[in-house]
Amino acid sequence: MASDNLHYYAHPFARRTSVGVNVGGVIVGGDAPVVVQSMTNTDTADIDGTVAQVAALHHAGSELVRITVDRDESAAAVPKIRERLERLGLNVPLIGDFHYIGHKLLSDHPACAEALAKYRINPGNVGFKDKKDKQFAEIIEMAIRYDKPVRIGVNWGSLDQELLTTLMDRNQAAGAPLTAQEVMREAIIQSALISADLAEEIGLPRDKIILSAKVSQVQDLIAVYAELAKRCDHALHLGLTEAGMGTKGIVASSAAMGILLQQGIGDTIRISLTPEPNGDRTREVQVSQELLQVMGFRQFIPIVAACPGCGRTTSTVFQELAQTIQNDIRTNMPIWREKYPGVEGLSVAVMGCIVNGPGESKHADIGISLPGTGETPSAPVFVDGKKVATLRGPAIAEDFQKMVAEYIENRYGLGAKKPEAAE
């Protein structure tokens, strides 16, 4: 059993086969890596505010950005937002989030329909009763006309009540073999699949359809997507809706999506965090990237390894240095991606004492082992596994930061000899 467990962790499940969808030049599904996306929380009619937030999210690493299109003013703003972003040199695909009157907004604002890279619609509120299929069809026909993909996004908070009632009645007539929770999960899955089938019948190609089935409980999300993945080959967007604020939202989203990603399920993800008042919206992008990176699926940013601290590390120097290095990396990454190709693969270690410090530092590309309580006040620095210097004095942190900057320039800068080309 031990060897089986080791094999399991060393070799993640093969990626589920899905149809690739081109979203404004970004491929979702197929053989493409899992894509990170996010959503603005600005009033889309506020062009300046929305452009600024889209730019911030994109600079943070969001490869797709969704914006709310809820009324005429926001629809009219979309082409202006797209134009402003292009003038800034930002070609991030914009996704229009439509509810209730999406059919009307797309019809009344053709420039909006053209400017968006994808439409997101919710089958639970695209229309009601006899208007439901008609209004759904109108949106799909607009997508066909403008050659745009569509995400059919089911959400249990706005689930099609007619479908849910029908399934509940059938379950009751069958002697209630399923629990109410199981019926609800089945309703979510069927809502997505029925809508996708209808879209294809109208004429939207399969390679223009992405599905999502969002819920707010971890076990429900795992169960719904595991079953949905068995029943279709559509590209799937993962997200735990209403995940919450702070550590609760991060832990819940990571737990649910980590399990699904490990099973090869999921082609694009969003961590739907509730931001702190006036908080940084880019936090959700950072968490998405870190989830994919720590699981070994993608590399976005250099990794900084730092020990958790203990009674041997009563000084806060190593904590402050690790935080400074991490902040510098995140701040500089938008520039470094262009200036230093491959820098996202860099690993840095900032350790706090002699126990694991030297060993961990040797494993990193560049690492420092700071002195713990009672240790000699010196800090050996290791580069590519070899000790290259010993720092002392009050400027240890600043000296190490300079060494990290020099290492990046020497290894990844223009004209630098790349590791794979080294003798």
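These legends go with a set of close-up views of a predicted model.

**Figure 1. The whole protein, before we zoom in.** The predicted chain has 423 residues, and 50% of them count as buried. Its secondary structure comes to 14 helices and 17 strands. Taken along the principal axes, the C-alpha atoms fill a box of roughly 80 × 55 × 45 Å. If you look at contacts with a separation of 6 or more, 66% of them join residues 24 or more positions apart.

**Figure 2. A look into the largest pocket.** This pocket holds about 370 Å³ of space. Its lining is made up of 14 residues, and the ones nearest the centre are His58, His59, Gly61, Glu63 and Arg337. Two elements give two or more residues each to that lining: helix 2 (47-60) and helix 12 (317-339). Helix 12 gives the most, with three residues. Sorted by chemistry, the lining has six polar residues, five charged ones and three nonpolar ones.

**Figure 3. Helix 2 and what packs over it.** Helix 2 runs for 14 residues and reaches 20 Å from its first C-alpha to its last, close to the 20 Å expected at 1.5 Å a residue. Its buried residues are Ile47, Thr50, Val51, Gln53, Val54, Ala55, Leu57 and Ala60. For a bit of background, an α-helix has 3.6 residues a turn, so residues three or four places apart point the same way. The cover over the buried residues of helix 2 includes strand 3 (35-39), strand 4 (64-68) and strand 5 (94-98). Helices pitch in too, among them helix 3 (72-87), helix 11 (283-294) and helix 12. Right after helix 2 comes Gly61, with a positive phi near 120°. Gly61 also turns up among the residues nearest the centre of the largest pocket.

**Figure 4. His109, between two helices.** His109 is found in the loop that links helix 4 (102-108) to helix 5 (110-115). Is His109 buried or exposed? His109 counts as buried because its relative accessibility is 17%, and the cut-off for buried is under 20%. Leaving out residues up to four places away in sequence, His109 touches Asp72, Ala75 and Ala76.

**Figure 5. Two buried cysteines.** Cys112 has a relative accessibility of 1%, so Cys112 counts as buried. Cys232 is buried as well, with a relative accessible area of 11%. How many disulfides does the structure hold? The structure holds zero. As a reminder, a disulfide is a covalent bond between the sulfur atoms of two cysteines.

Terms used:
Residues numbered from 1 in each chain as written. Predicted model: local features only at pLDDT ≥ 70, side-chain atom pairs only at ≥ 80, totals over all residues. Heavy atoms only, no water. 1 Å grid on protein atoms, 1.4 Å probe; cavity = no way out; pocket = protein on both sides within 12 Å on 5 of 7 lines; lining within 4 Å. Points joined across faces, edges and corners; volume = space filled by probe spheres on them. Helix = DSSP H or I, 4+ residues; strand = E, 2+ residues; numbered from the N terminus. Nonpolar A, V, L, I, M, F, W, Y, C, P; charged D, E, K, R; others polar. Disulfide = S-S within 2.5 Å. Buried < 20%, exposed > 50% of the residue type's maximum accessible area, 1.4 Å probe, protein only. Contact = heavy atoms within 4.5 Å. Expected span 1.5 Å × (residues − 1).
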